[in-house]
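Subject: Structure for you to look at

Hello,

Here is the structure I said I would pass on. Please open it beside this message; my notes follow below.

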Amino acid sequence: MDKGSIAEQLHTKWAAVNLIYMAETGSTNDDARKLGENGAPHGTLVVADRQTTGRGSRGRSWETPKDSNIAMSLLLRPDAPQDRISMLTLIMGLSVAEGIEDALVAAQDSSLSKSTLVSFSGQLMAEYKHYPQIKWPNDIVIAGKKICGILTELHMNDDNTIRDVVIGVGINVNMLEFPDSIKDIAGSILSTTGVRLDRSAVVACCMKRFEENYEKYCINYDLSLLQEQYESRLVNRHKIVKVLDPKGAYEAIAHGINTLGALIVSDEAGEEYEVNAGEVSVRGLYGYT
């Protein structure tokens, strides 16, 4: 993976057109933030082969070893209201899932037999376990393993207007060994599908999908035009989940999302609730998914 190999596979109007590539960096989110401070344009993408001090959700670290994974951060300058920015995390999650599927389908002739992997209506459906899904709100899973994490950071101007948004994405592409602390839930595209992908192609596919999905979002600044796409990949849809609320965990059935990205769940009595990602998290009843 290098700048040239990514650029030659990009088919976008603005996403990643301003492409910054580094062999190694501390954090692509920090790099994108600094570029934003210096006036970098909407759609600037920072990609690193190796990341040493990346951040995950809830303050966790996210390291990216060289030659195997993707660490990238996209700089956006949205016109959306501040209370609609959190939806960008879900949009990136959807885009990464779709982009990974696109890259897998494109690689099918050289990597998989037709009996293992076929394209059906643009979706990877021959073997359900190979289908990239979403664990609400933005974890990407294949075969029950988390293969991608996303961290969105909002930066404000002194006058309380939005300066920019940086969406960091870490994708385990060709990694096969995982630390003991995460090996039960973590995987990679290679470890779950058996397919070794060109990382440059994965970056390009994800950016193409994000550009398309972001432009749908910008029509109403909500997920009304993306809701069906998102829900089709929701790993826990129509299943019992455990809602980890600070006020007390409870079990519920997950139904889908509303147009603002909240998860809709119902309790034993059938009463519906909206679960917001900033307040609670959701797990499968018997584990991660």
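The chain holds seven helices and 15 strands. Please keep in mind that this is a predicted model.

Overall picture

The chain has 289 residues, and 52% of them count as buried. Its accessible surface comes to about 13,200 Å², and carbon and sulfur atoms account for 48% of that area. Among contacts with a separation of 6 or more, 65% are between residues 24 or more positions apart.

The nonpolar cores

In soluble globular proteins, nonpolar side chains tend to be buried together. In this chain the largest nonpolar core has 65 residues. The members that touch the most other members are M72, I100, I171 and M207. Helix α3, residues 87-106, supplies the largest share of this core, with 11 residues. Apart from this core lies another, of five residues, including A32, A40, V46 and V166.

I100 is worth selecting on screen. Not counting residues up to four places away in sequence, I100 touches P132, I140, I142, I147, I171, I189, V202 and C206.

As for α3 itself, 17 of its 20 residues are buried, and the helix is mostly covered. From its first C-alpha to its last, α3 reaches 29 Å, close to the 28 Å expected at 1.5 Å a residue.

L74 in strand β4

L74 lies in strand β4, residues 70-76. Is L74 buried or exposed? Its relative accessible area is 0%, and because the cut-off for buried is under 20%, L74 counts as buried. Leaving aside neighbours within four places in sequence, L74 is in contact with A16, G43, T44, L45, M92, V165, V166, I167, M207 and F210. One of these, G43, is 31 residues from L74 along the chain, yet the C-alpha atoms of the two are separated by 6.3 Å.

Helix α6 and its ends

Helix α6 runs over residues 199-220 and has 22 residues. The distance from its first C-alpha to its last is 33 Å, close to the 32 Å expected at 1.5 Å a residue. At the start of α6, a side-chain oxygen of D198 comes to within 3.0 Å of the backbone nitrogen of S200. After the helix comes Y221, which has a positive phi, near 55°.

D49, a buried acidic residue

D49 is placed in strand β2, residues 45-55. With a relative accessible area of 7%, D49 is buried. What does the side chain of D49 reach? One partner is the backbone nitrogen of D67, at 3.0 Å. Another is the side chain of R199, with which the side chain of D49 makes a polar contact at 2.6 Å.

Backbone details to check

- W136 and P137 are joined by a cis peptide bond, with omega at about 5°. P137 sits in the loop between β7 (133-135) and β8 (139-142).
- A143 is not a glycine, but has a positive phi of about 55°. A143 lies in the loop between β8 and β9 (145-156), and is partly exposed at 40% relative accessible area.
- N160 is not a glycine either, and has a positive phi of about 70°. N160 lies in the loop between β9 and β10 (162-171). Because the cut-off for exposed is over 50%, N160, at 56% relative accessibility, counts as exposed.

Strands β11 and β15

In a regular strand the side chains alternate between the two faces of the sheet. Strand β15, residues 281-284, shows such an alternation. V282 and G284 point to one face and are buried, while S281 and R283 point to the other face and are not buried. Strand β11, residues 240-244, pairs with β15 in the antiparallel sense over four bridges. Within this pair, V241 stands opposite G284.

That is what I have for now.

Regards

Notes: Residues numbered from 1 in each chain as written. Predicted model: local features only at pLDDT ≥ 70, side-chain atom pairs only at ≥ 80, totals over all residues. Heavy atoms only, no water. Helix = DSSP H or I, 4+ residues; strand = E, 2+ residues; numbered from the N terminus. Expected span 1.5 Å × (residues − 1). Polar contact = N/O pair within 3.5 Å; in protein donor to acceptor, adjacent residues only side chain to side chain. Core = buried A, V, L, I, M, F, W, Y, C linked by side-chain atoms within 4.5 Å. Buried < 20%, exposed > 50% of the residue type's maximum accessible area, 1.4 Å probe, protein only. Contact = heavy atoms within 4.5 Å. Areas by Shrake-Rupley, 256 points an atom, 1.4 Å probe, with all protein chains shown as cover. Pairing = 2+ DSSP bridges.
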